[in-house]
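Please find below my notes on this structure, set out as numbered points for a reader who meets it here. They start from a single residue and then widen to the whole chain.

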Amino acid sequence: MKAFLGLSADFIDGMANPVHGESVNEAHSVRFADLLGRDERLPGNLSAADLAEADTDLLSMQSWVWYLKWLAKQGELPRDEFLDALYEDSGDSLIRLILFESVMTNPVIVRRYSEFRGQWTVPLEELPPCWPQHLVLHLVSAEPTRARDIDAGTAEQLPEVVELAFSLLQVGNTAALAILRGLLAYQWPLRGEFIQLFDTALVQSSGMETSELEQWRRRLGLL
């Protein structure tokens, strides 16, 4: 299946990459929709079932963004190990946010967190398992919880934890907020510094009135 995905790389890039221009993107998208209508086996051929860590070079990063959004429509997710590798390879904060949002809004994860519509805090390690939860746990836990290790000390992980926290806040759905509340409550050596950085950035970047800001702090368990 991943061989078929690799063979389709140029076509997918034609749909997904804005450097080709809107007309090229649209033409490829129309052609793809036509092919889907002609062959019901095509989604299966584009399955993520066998993607591994080493396969991030099969597509361009723009194509992976498109692919993750398309997988969401199929109700499918790649393996955590592949998502780890893709997230690390992306480098750019904006691309990371888009990748993260594409996974957080996938129906597979949305269904797992459908019962967490309240505002109570559930311990991070007790939340339904999924790649975003594993990623956050890995960064704040002394024991690695995912296969691909991030080679950094606890202090060096703090900026990435803050970035992930704001990615969860920006996604803002039930699953993202449940993981964010769990992260803010998680006891780790730099929790105090993390909450201070997060809270300061929340005040500076939100532009919210004081009353609205306090409501969000309560919702996130900061008050």
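**Notes on the predicted model**

1. Not counting residues up to four places away in sequence, S63 touches A9, I12, D13 and A16, where contact means heavy atoms within 4.5 Å. The place of S63 is in helix α5, and at 1% relative accessibility S63 counts as buried. In this note buried means under 20% relative accessible area, exposed means over 50%, and partly exposed lies in between, with a 1.4 Å probe and protein chains only. Measured out along the chain, so to speak, S63 and T200 are 137 residues apart in sequence, and their C-alpha atoms are 35 Å apart in space.2. The model is predicted, with local features needing pLDDT of at least 70 and side-chain atom pairs counting only at pLDDT 80 or more, while totals for chains, interfaces and linings use all residues. Residues are numbered from 1 along each chain as its sequence is written, and side-chain values use heavy atoms, with hydrogens and water left out.

3. How many helices and strands does the protein have? Its secondary structure comes to 13 helices and zero strands, and the pattern along the sequence reads α-α-α-α-α-α-α-α-α-α-α-α-α. Helices (H or I, at least four residues) and strands (E, at least two) are DSSP runs, numbered from the N terminus.

4. On overall dimensions, the C-alpha trace spans about 55 × 40 × 35 Å along its principal axes. The radius of gyration of the protein is 19 Å, which agrees with the value near 17 Å for a compact globule of 223 residues; this radius is taken over C-alpha atoms, and the globule rule is 2.2 Å times the number of residues to the power 0.38. Among contacts with a separation of 6 or more, 64% are between residues 24 or more positions apart.

5. Turning to surface and charge, the accessible surface of the protein comes to about 11300 Å², and 50% of this belongs to carbon and sulfur atoms; the areas come from the Shrake-Rupley method with a 1.4 Å probe, and for residues only the protein chains shown count as cover. There are 18 positive and 33 negative side chains, with the centres of the two sets 7 Å apart. Lys and Arg count as positive and Asp and Glu as negative, whereas His and the chain ends are not counted, and each charge is placed at NZ of Lys, CZ of Arg, CG of Asp or CD of Glu.

6. Of the 223 residues in the protein, 44% are buried, and the largest nonpolar core has 66 residues, with Y67, L180, F194 and F198 having the most contacts inside it. Such a core is a set of buried Ala, Val, Leu, Ile, Met, Phe, Trp, Tyr and Cys residues joined through side-chain atoms within 4.5 Å. Helices that each supply at least two residues of this core include α2 (9–16), α5 (61–74), α7 (93–104) and α12 (191–206), while the largest share, nine residues, comes from α10. Leaving aside neighbours within four places in sequence, Y67 is in contact with L5, L46, S47, A48, L51 and L59.

7. Is T56, in the loop between α4 (42–45) and α5, buried or exposed? T56 is buried, with a relative accessible area of 14%, and, apart from neighbours within four places in sequence, T56 is in contact with W64, F82, A85, L86 and D89. Helix α6 has F82, L83, D84, A85, L86, Y87 and S90 as its buried residues, and α6 is followed by G91, whose phi is positive, near 70°.

8. Two serines deserve a separate remark. S8 lies in the loop between α1 (2–7) and α2 and is buried, with a relative accessible area of 15%; the C-alpha atoms of S8 and L46, which are 38 residues apart along the chain, are separated by 9.0 Å. S23, in helix α3 (residues 22–38), counts as exposed at 60% relative accessibility, and its C-alpha atom is separated by 50 Å from that of L223, 200 residues away along the chain.

9. Finally, A175 is found in helix α11 and is buried, with a relative accessible area of 1%. Leaving aside neighbours within four places in sequence, A175 is in contact with M104, I109 and Y113, and the C-alpha atoms of A175 and Y113, 62 residues apart along the chain, are separated by 5.3 Å.
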